[in-house]
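Okay, everyone, let me put today's protein up on the screen. Have a look at it for a moment, and then we'll walk through it together.

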Amino acid sequence: MEYKKITETPSNHDNLEQLDTVSILKKMNEEDRKIADAVALEIPQITKLVDALVERFHFGGRLFYIGAGTSGRLGILDASEIPPTFGMPHERVVGLIAGGDKAIRKAVENAEDDKQQAWLDLKEHAINEMDVVVGIAASGTTPYVIGGLESAQKNNILTACITNNPGSPITKATDIPIAVNVGPEFVTGSTRMKSGTSQKLVLNMISTALMIKIGRVKGNKMVNMQLSNHKLVDRGTRYVAEGLGISYDQAEALLKKHGSVKKALEAGK
């Protein structure tokens, strides 16, 4: 093995079962505070990915996340939040997990070991050269993810990865590797913890920066969010009232007439 598998190195803390509750929580928090600094070191690589995505999205490109277990679920979570938050169609940001949708709730045995399946899953979406595939794998060794990335590269599709083991095999199968070294997990090898948290932070950065750059945010407001419940209608009304300097009732009427914050703001100018 040519690299040190940091995600499997022993925890900085031992005899965990002998600690009282407050000590466990304080030590977990001590480890968690290291995560943002580790992510910050990868901003240059995240920047490359976001800029490449912006360019492709302007021509109809899409973003695909592929992963297994926790990593796959985090990709699906990020993808599923794009339509309600930014009003983008579901098919523009897609999360795929080893084992299919049933693996979102329950682990599917051996699904992540199939090196061919990710590409088959991607082909169901008619993936093409305008799209981008981001593989997520804390270990950097997941066959499902690596196989999907390698096939994407062979088909001239831009690839990136989010991993927690610099130099791991997944980084060799990607054009833009993002390797966040968060150090050992609090519970040795439990990558749902610091590694998973770092992945969530990076995914937030990728998708949010992308949506801002392609015009789905105005000022600091979600002007394209779906008005799918009372809370969001209220939020949208307040955005319109603030943006146009009008009363809440006037803003609500304008919002309901035009159906989106962005259109209401444009109409009210």
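So, how many helices and strands does the secondary structure of the protein come to? There are 11 helices and 5 strands, where a helix is a DSSP run of H or I with at least four residues, a strand is a run of E with at least two, and both are numbered from the N terminus.

Quick housekeeping. This is a predicted model, so local features need pLDDT of at least 70 and side-chain atom pairs count only at pLDDT 80 or more, while totals for chains, interfaces and linings use all residues. Residues are numbered from 1 along each chain as its sequence is written, and side-chain values use heavy atoms, with hydrogens and water left out.

Now the overall picture. The C-alpha trace spans about 65 × 50 × 35 Å along its principal axes. The protein has 269 residues, and 47% of them count as buried. Buried means under 20% relative accessible area, exposed means over 50%, and partly exposed is in between, using a 1.4 Å probe and protein chains only. Take the contacts, meaning heavy atoms within 4.5 Å, with a separation of 6 or more: 69% of those are between residues 24 or more positions apart.

Let's zoom in on helix H6, residues 143-154. What should its 12 residues span at 1.5 Å a residue? The rule is 1.5 Å times one less than the number of residues, so we expect 16 Å, and the end C-alpha atoms are indeed 16 Å apart. Quite a few residues of H6 are buried, including Tyr144, Val145, Ile146 and Leu149. And what covers the buried residues? The cover includes strands S1 (63-67), S2 (93-97), S3 (132-136) and S4 (158-163), along with helices H5 (117-123) and H7 (169-172). After H6 comes asparagine 156, and its phi is positive, near 60 degrees.

On to charges. A salt bridge here is a side-chain nitrogen of Lys or Arg within 4 Å of a carboxyl oxygen of Asp or Glu. By that rule, we get 7 of them.

Here's one of them: lysine 194 and glutamate 31 meet at 2.7 Å, N to O. Lysine 194 is in helix H8 (residues 194-213) and glutamate 31 is in helix H1 (residues 21-32), so the pair ties together parts that are 163 residues apart in sequence. Are these two buried or exposed? Lysine 194 is buried, with a relative accessible area of 1%, and glutamate 31 is buried at 1% too. There's also a network of salt bridges here, linking Glu31, Lys34 and Lys194.

Back on H6, glutamate 150 makes a salt bridge with lysine 115, at 3.4 Å, N to O. Lysine 115 sits in the loop between S2 and H5, so this pair ties together parts 35 residues apart in sequence. Glutamate 150 is partly exposed at 30% relative accessibility, and lysine 115 is partly exposed at 37%.

Last pair: glutamate 242 and lysine 221, at 3.3 Å, N to O. Glutamate 242 lies in helix H9 (residues 230-244) and lysine 221 in the loop between H8 and H9, so the parts they tie together are 21 residues apart in sequence. This pair is a mix: glutamate 242 is exposed at 56%, whereas lysine 221 counts as buried at 18%.

That's my tour. Thanks, everyone!
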